[in-house]
Amino acid sequence: MAVATPIQIRFERFDGALGIAPAKPPRVVTPEEKPALVARIKERLKAMDAVLLAHYYVHPDLQDLALESGGTVSDSLEMARFGHDHPARTIVVAGVRFMGETAKILNPEKRVIMPDLGAECSLDLACPAEAFSRFCDEHPDRVVVVYANTSAAVKARADWMVTSSIAEKIVAHLHAEGRKVLFAPDKHLGAYIRKVTGADMLLWNASCVVHEEFKAQQLEELKLLHPGAKVLVHPESPASVIEMADAVGSTTGIIQAAERLGAKEYIVATDGGILHQMRKRLPGVSFIEAPTAGKGATCQSCAHCPWMAMNGLHNLLEVLESGRNEIHVDPAVGKRAKVSIQRMLDFARLHLPAMKGSGDA
Ligand code: SF4
């Protein structure tokens, strides 16, 4: 069996220095072994009273498996909601570590496991809890809003946690109440929300290694080759790319925009994993990944999150058989973090009753 070598992912730290973190690709699945692996995983999920939550960015095999076994494929808001409402005693999160932590915070009595605990996120890594807490202390007049892509300790320091599906609405709500906002960690998402809401927002300095790579000039060139294509952009992308969008939205928002706009061709600026659900929902429609090459590109991610890619069928089965890779959150930290998450869930229930992820499609 070939052993995968970790690749070193570079990301910009909050202080402008270079951070480096490893990402290890999972063991490759051959077509011959896949049916047996899938069958065994389904058996184990049932035997363990477990439910599989998969993010849109993980491999299509895991997305299909989550849906076939009664779990969900969705964005992080819907993953949080689904895991919270589902009766299973074990939650299996195919995503990155902050998603596992969020599931554990919302369900401290349940067991939460993940195929690989080393699945990081550059936004989370670039927002260390102590430095962030100092930053908050320096701005006591601001309500602290943090993106879901943060550690439990950072969520515990926040007043609100938001996902990209709901961030704009919550900040608009706070702005209407006359509140000033401190937003972390994604500077592009923060700048976009500041622009559309007009809120007074102070931003932390971090970005996503995947969305940072999308390039406006190359997108312009691609649009010339596909003049009928509509452009769908995730707001973690740079402002120059967002400006070219026909629709800006979270992962769920992007899928819904493709259904609504009715084009025959779309250029999609987010992790390419999302195309699997888009192609299933809109057969016959063409989806093109937005370009990541060009000036300033490192192409270390190329529209695919290296940490999301650490989830695979082999390591999923391994943890279901061994019981390893359980997520633990300090109960005191979890209790405080839950307040900011619950605030968002309550807001969503009140203000977005019709909103639901796409995992049940
Ligand atoms: S795609 Fe970006 S924001 Fe999402 S988990 Fe990967 S590094 Fe984090």
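Okay, quick bit of vocabulary before we start: Ala, Val, Leu, Ile, Met, Phe, Trp, Tyr, Cys and Pro count as nonpolar, Asp, Glu, Lys and Arg as charged, and the others, Gly among them, as polar. Keep in mind, too, that what you have in front of you is a predicted model.

Let's use those classes on the ligand. The shell around the ligand has 10 nonpolar residues, two polar ones and one charged one. Of the 13 residues there, the ones that come nearest are Cys121, Ser122, Cys208, Val210 and Cys305.

Now, the sheet. It's an open one with four strands, ordered E4-E3-E5-E6, and the pairing is parallel. Strand E4 (72-74) and strand E6 (111-113) are at the edges with a single partner strand each, so one side of each has no neighbour in the sheet. Going from one strand to the next, the twist averages 20°.

Let's zoom in on E6 and its partner. Strand E5, residues 90-94, runs parallel to E6, and three bridges join them. If you want one to find on screen, go to valine 92: its bridge partner in E6 is isoleucine 113. Helix H4, residues 97-106, packs on this sheet and touches strands E3 (50-55), E5 and E6. The direction of H4 makes about 160° with that of E5.

Last stop, a pair of helices. How do H8 (residues 167-176) and H9 (residues 187-197) pack? Their angle is about 50°, and their axes are 10 Å apart. That angle is why we call H8 oblique to H9. The crossing is right-handed. From H8, Ala167, Glu168, Val171, Ala172 and His175 meet Leu189, Ile193, Val196 and Thr197 from H9. By class, this contact has six nonpolar, two polar and one charged residues.

How values were computed. Residues are numbered from 1 along each chain as its sequence is written. This is a predicted model: local features need pLDDT of at least 70, side-chain atom pairs count only at pLDDT 80 or more; totals for chains, interfaces and linings use all residues. A residue is near a molecule or strand if its C-beta atom, placed from the backbone, lies within 6 Å of it. Two strands pair if DSSP finds at least two bridges between them. Helices (H or I, at least four residues) and strands (E, at least two) are DSSP runs, numbered from the N terminus. Axes are lines fitted to C-alpha atoms, for helices over the stretch in contact, and angles run from 0 to 180 degrees between N-to-C directions. Two residues are in contact if their C-beta atoms, placed from the backbone, lie within 7 Å. Angles under 35 degrees count as roughly parallel, over 145 as roughly antiparallel, 65 to 115 as roughly perpendicular and the rest as oblique. A crossing is left-handed if the near helix is turned anticlockwise from the far one by less than a right angle, and right-handed if clockwise.
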